[in-house]
Amino acid sequence: MAKRGIDISSHKGDINLAALKSQIDFVIIRVGYGVSGTIDTKFKRNVDLCKSLGIPFGFYWYSYALDVNGAKQEATNFLNAIAPYKNDYSMGCWFDMEDADSYKRNHGMPSNSTLRAMCTAWCEKVENAGYWAGIYASESWFNNQLRDSELDRYAKWIAQWPMSGGKQKGLAVDANSRSGLAMWQFTSAGRFNGYNGNLDTNYAYIDKMVVGDSSSNTQPQPSNPQPSIATHSGSTLDLAVGVMQGKYRNGDDRKNALGSRYDEVQDFINHITTASVDILAAETKAGKYGNGDTRKIVLDSRYDEVQDKINVSSSSSQKTYTVKPGDTLSGIASKFGTTVDVLIRKNGIKNKNLIYAGQILKI
């Protein structure tokens with residue numbers, strides 16, 4: 001049975017873990033970040049509190065490394081910090097390999113092969129020190145930047161947040177809707193009694209993640225693989241959205257499910273990951289990535305920068321549109337590759353269902 005837990009850092013302040021204890025099974029604690037070895041200001045406080053409350057915990061390190069040597073140095077920093085707790089942790093040691101704040105993109109994004117080598121270097125060093133190591137990243141990163149058999153031996157902690165009506169489902173996500181993972185971060189919008197705000201929330205599919213524990217070495221395998229959809233009539237965009245939502249899983253399961261459509265869908269996703277923001281913005285305005293939830297899902301971590309680019313371009317040209325009889329905000333947003341929320345904000349609209357013919361809208 002999957003366990004439910006949260007991952008936390010100093011960004012959450014002096015979180016009251018005692019109030020959360022009855023609602024969670026474990027905590028993954030940020031140790032620190034970067035090659036220089038900055039330790040999270042709440043690291044020791046959070047670890048000691050978990051120990052005193054009897055809450056199982058694990059560790060993660062947020063990487064700013066740009067090469068293998070940097071990743072090795074981050075592993076050294078991590079190991080030095082967690083040394084006093086080697087016999088206390090039980091939920092693994094995780095290398096947070098992503099680019100949530102665009103640091104890598106802004107400082108020379110390493111090649112995919114270098115990114116994978118960095119993961120291997122960090123995990124190997126941590127394992128050689130006697131700890132259980134795994135890799136954290138978004139599903140998009142695992143499907144693209146980190147997609148290679150060299151990382152198959154390491155446990156995966158995948159971030160993928162199911163949506164409904166344009167919002168995350170939060171805690172209303174079935175743990176059994178995914179399989180074959182060590183951990184799944186299923187929302188960044190978990191709400192719990194005792195904390196006034198959102199919390200990253202996860203399902204763990206392995207009971208203990210420590211060296212020497214038999215339950216740590218066996219990851220569950222995917223069951224009921226999707227049937228081949230080689231003759232599927234859906235668009236490439238529809239299939240890409242399904243991939244981003246985890247519908248077709250990963251690796252061989254995805255290849256089998258997508259069949260002859262695999263290469264076209266994977267190329268579509270790879271293009272989103274590597275293309276410039278200018279190209280993606282132009283393609284978005286042309287309708288390539290759909291609208292609303294579809295656009296958010298398929299653009300994934302690129303969504304905000306692409307939407308900002310579109311909004312800036314529209315603002316600089318002072319584009320306007322005169323409302324015609326029968327128009328709706330959603331229809332206008334679709335026509336110009338923007339969103340209803342942007343139109344509401346730019347035009348000071350109080351009621352999104354109330355626009356009138358002849359009204360001039362800023363796009």
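Visitor: What is the relative accessible area of Asp 40?
Guide: Buried means under 20% relative accessible area, exposed means over 50%, and partly exposed is in between (1.4 Å probe, protein chains only). Asp 40 counts as buried because its relative accessible area is 4%.

Visitor: Before we go on, what kind of model is this?
Guide: Residues are numbered from 1 along each chain as its sequence is written, and side-chain values use heavy atoms, with hydrogens and water left out. Local features need pLDDT of at least 70, side-chain atom pairs count only at pLDDT 80 or more, and totals for chains, interfaces and linings use all residues, since what you have here is a predicted model.

Visitor: What does the pLDDT of the chain average?
Guide: pLDDT is the predictor's confidence in each residue, from 0 to 100. Here 92% of the residues score at least 70, and the chain's average is 87.

Visitor: Over which residues is the pLDDT below 50?
Guide: Where pLDDT is low, the predicted coordinates should not be read in detail. The stretch in question does have 43 contacts in the model beyond near neighbours in sequence, a contact being heavy atoms within 4.5 Å. Still, the pLDDT is below 50 over residues 218-233.

Visitor: Back to Asp 40: which residue forms a salt bridge with it?
Guide: A salt bridge is a side-chain nitrogen of Lys or Arg within 4 Å of a carboxyl oxygen of Asp or Glu. For Asp 40, the closest N and O atoms of the pair are 2.7 Å apart. The partner is buried too, with a relative accessible area of 10%, and its name is Arg 30.

Visitor: How many residues apart in sequence are the parts that this pair ties together?
Guide: Helices (H or I, at least four residues) and strands (E, at least two) are DSSP runs, numbered from the N terminus. Arg 30 sits in strand S2 (residues 26-33), while Asp 40 sits in the loop between strand S3 (38-39) and helix H2 (43-53). The salt bridge therefore links parts whose separation in sequence is 10 residues.

Visitor: In which helix do Lys 44 and Asp 48 both lie?
Guide: These two form a salt bridge, with the closest N and O atoms 2.7 Å apart. Lys 44 is exposed at 52% relative accessibility, whereas Asp 48 is partly exposed at 30%. They are four residues apart, about one turn of the helix, and both belong to H2.

Visitor: How many salt bridges does a search of the whole structure find?
Guide: Besides the pairs above, Glu 305 forms one with Arg 302, at 2.4 Å between the closest N and O atoms. Shared partners also join Asp 14, Lys 42 and Arg 45 into one network of salt bridges. Over the whole structure, the search finds 12.

Visitor: At what angle do the axes of H7 and H9 cross?
Guide: Axes are lines fitted to C-alpha atoms, for helices over the stretch in contact, and angles run from 0 to 180 degrees between N-to-C directions. Under 35 degrees counts as roughly parallel, over 145 as roughly antiparallel, 65 to 115 as roughly perpendicular and the rest as oblique. H7 (residues 236-244) and H9 (residues 262-274) are therefore roughly perpendicular. Their axes come within 9 Å and cross at roughly 75°.

Visitor: Which residues in H9 meet H7?
Guide: On the H7 side, the residues are Thr 236, Leu 237, Leu 239, Ala 240, Val 243 and Met 244. On the other side of the contact are Glu 264, Val 265, Phe 268 and Ile 269.

Visitor: And which residues in H9 meet H8?
Guide: The axes of H8 (residues 251-258) and H9 come within 8 Å and cross at roughly 120°. That makes the two helices oblique. Arg 254, Lys 255 and Leu 258 in H8 meet Tyr 262, Val 265 and Gln 266.

Visitor: Leaving aside neighbours within four places in sequence, which residues is Thr 273 in contact with?
Guide: Thr 273 is found in helix H9 and is buried, with a relative accessible area of 14%. Its contacts are Arg 105, Ser 140, Asn 144, Gln 145 and Arg 302.

Visitor: What distance separates the C-alpha atoms of Leu 299 and Tyr 248?
Guide: Leu 299 is found in helix H11 and is buried at 1% relative accessibility. Leaving aside neighbours within four places in sequence, Leu 299 touches Ile 272, Thr 284, Tyr 289 and Val 306. Tyr 248 is 51 residues away along the chain, and the C-alpha separation is 18 Å.
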